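Me: I'm new to this structure and would like a close look at one part of it, namely how the helices pack against each other. Could you set the scene and then walk me through the pairs?

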Amino acid sequence: MSSRIDLPFTRYLDPEGRLVGELPDWADDFNLLTQLYRRMVLTRLFDQKAVALQRTGRIGTYAPTLGQEAIGVAIGSLMHSEDVLVPYYRDTAVQLMRGVRMEEILLYWGGDERGSAFVDPAAREDFPICVPIATQSLHACGVASAFKIRGEHRVAVTTCGDGATSKGDFLEALNVAGAWQLPVVFVVNNNQWAISVPRRIQCGAPTLAQKAIGAGFHGEQVDGNDVIAVYDRVKAALERARHGKGPALLECISYRLGDHTTADDATRYRSADEVKQAWMEEPVKRLQGYLASHQVWDEGREQALIADCQRQVQAAVDNFEAAGIQPVESVLDHVYARWPAALGEQREMLLERVARREVQGHE
Ligand SMILES: Cc1ncc(C[n+]2csc(CCOP(=O)(O)OP(=O)(O)O)c2C)c(N)n1
Ligand SMILES: [Mg+2]
């Protein structure tokens, strides 16, 4: 018996940025497309800087978003401010679009809890980055249930990787989303790898999108390197969810061009040829090719954009470095709404160790 279910796959631009299908009406807006391009470039330059900061010991681990800029920028530009993002750790692009500040992202990866206390009102109810794989999928269903019970026209958007779709949490989340017809959109960043485990041995189904069918709702595949395709499909999924028409799962197919995190060395488990091939498909060059072929982008604009982005990134790094070090016990401050008395003893032990200088405290 075949396990193939025919699901839509959307792509408008080929790897060179040439049209392969008739564009949706909204895509005639070159201002919008240029804006998406600018944000993808900003994300990429910030990402490079974050990796450099880790290499020089100024932040801890960082999970590069290199290669997934189109997915995040499209999601972030379509969500309404009152929607809630429930992200995972490779979501720099979406977070920046939501108004999370670059210095907040650096604080988070530098181990500072202030990095999850987003200042921008649009992001204030967004969840912090989730590192435990797929647990956020269930949190998003909780948020979406609240929206539904209160009769609010808001959507919870949650992201995860291809590997995360193998977790029980993810499958349980799909089940409850379908059973209760929740206003939630699941976006899977299928970047082909879960650290060193390739997609092909991760799951026996031909697509990850078809997991939605088993849960009784809409699933489809999208070229995650084509921002026009991602934007179009996320737009439709958000509209459906917002108007009570149920959840959706979008499997966005991309490639993790960087290491899994700064603690990983991907050359140990994948070939240079594979990575070289993936670079030919990447999302920034693709959109740039399309814009240039319509005379709305050129080398002068590119250089001006890069200089502007570098200035923004450097200003954020300066703010991050000026933020100072938090007291060590602050790691406990934001975990619970009400502090559980049973943990008081551990907090005391931590403070004693700081006093004995066994743990680096606040200088
Ligand atoms: C519950 C849990 N198990 C294991 C890990 C270790 N871990 C971190 S990332 C990762 C792979 C995730 O791959 P994928 O879902 O494809 O996302 P990607 O990192 O490729 O974006 C694993 C197993 C974890 N963080 N949480
Ligand atoms: Mg992956």
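Reply: The chain splits into domain 1, covering 9-324, and domain 2, covering 328-363. Between the C-alpha centres of domain 1 and domain 2 there are 34 Å. Keep in mind that you're looking at a predicted model.

Now to the helices. Two packed helices are described by the angle between their axes and the distance between the axes. Let's take three pairs in turn.

Start with helix 1 (residues 30-55) and helix 2 (residues 69-78), whose axes come within 9 Å and cross at roughly 125°. Angles over 145 degrees would count as roughly antiparallel and 65 to 115 as roughly perpendicular, so what's left for this pair is the oblique class; helix 1 is therefore oblique to helix 2. Their crossing is right-handed. On the helix 1 side, the contact uses L36, R39, M40, T43 and R44, while helix 2 brings E69, A70, G72, V73 and S77. Sort the residues of this contact by class and you get 4 nonpolar, 3 polar and 3 charged.

Next up are helix 4 (residues 102-109) and helix 11 (residues 299-322). Here the axes come within 8 Å, with a crossing angle of roughly 50°. That makes helix 4 and helix 11 oblique to each other, and the crossing of helix 4 with helix 11 is right-handed. From helix 4 come M102, E103, L106 and L107, and they meet V313, A316, V317, N319 and F320 of helix 11. The mix in this contact is 7 nonpolar, 1 polar and 1 charged.

The third pair is helix 5 (residues 135-150) with helix 6 (residues 168-179). These axes come within 7 Å and cross at roughly 20°. Angles under 35 degrees count as roughly parallel, so helix 5 and helix 6 are roughly parallel to each other. Their crossing is left-handed. If you want to find the contact in the picture, look for T135, S137, L138, A140 and C141 on helix 5, and for D169, F170, E172, A173, V176 and A177 on helix 6. By class, the contact of helix 5 with helix 6 holds 7 nonpolar, 2 polar and 2 charged residues.

While you're exploring, have a look at ligand 1 too. There are 16 residues around ligand 1, and the ones that come nearest are I133, G161, G163, A164 and A194. Which strands help to build that shell? Strand 3 (156-161) and strand 5 (193-194) each give at least two residues to it. Taken by class, the shell around ligand 1 has 8 nonpolar, 5 polar and 3 charged residues.

To pull the helix picture together: helix 1 is oblique to helix 2, helix 4 is oblique to helix 11, and helix 5 and helix 6 are roughly parallel.

Technical notes
Residues are numbered from 1 along each chain as its sequence is written. Chains are lettered from A and ligands numbered from 1 in the order in which they are written. This is a predicted model: local features need pLDDT of at least 70, side-chain atom pairs count only at pLDDT 80 or more; totals for chains, interfaces and linings use all residues. A residue is near a molecule or strand if its C-beta atom, placed from the backbone, lies within 6 Å of it. Helices (H or I, at least four residues) and strands (E, at least two) are DSSP runs, numbered from the N terminus. Ala, Val, Leu, Ile, Met, Phe, Trp, Tyr, Cys and Pro count as nonpolar, Asp, Glu, Lys and Arg as charged, and the others, Gly among them, as polar. Domain bounds come from an automatic or database domain assignment. Axes are lines fitted to C-alpha atoms, for helices over the stretch in contact, and angles run from 0 to 180 degrees between N-to-C directions. A crossing is left-handed if the near helix is turned anticlockwise from the far one by less than a right angle, and right-handed if clockwise. Two residues are in contact if their C-beta atoms, placed from the backbone, lie within 7 Å.
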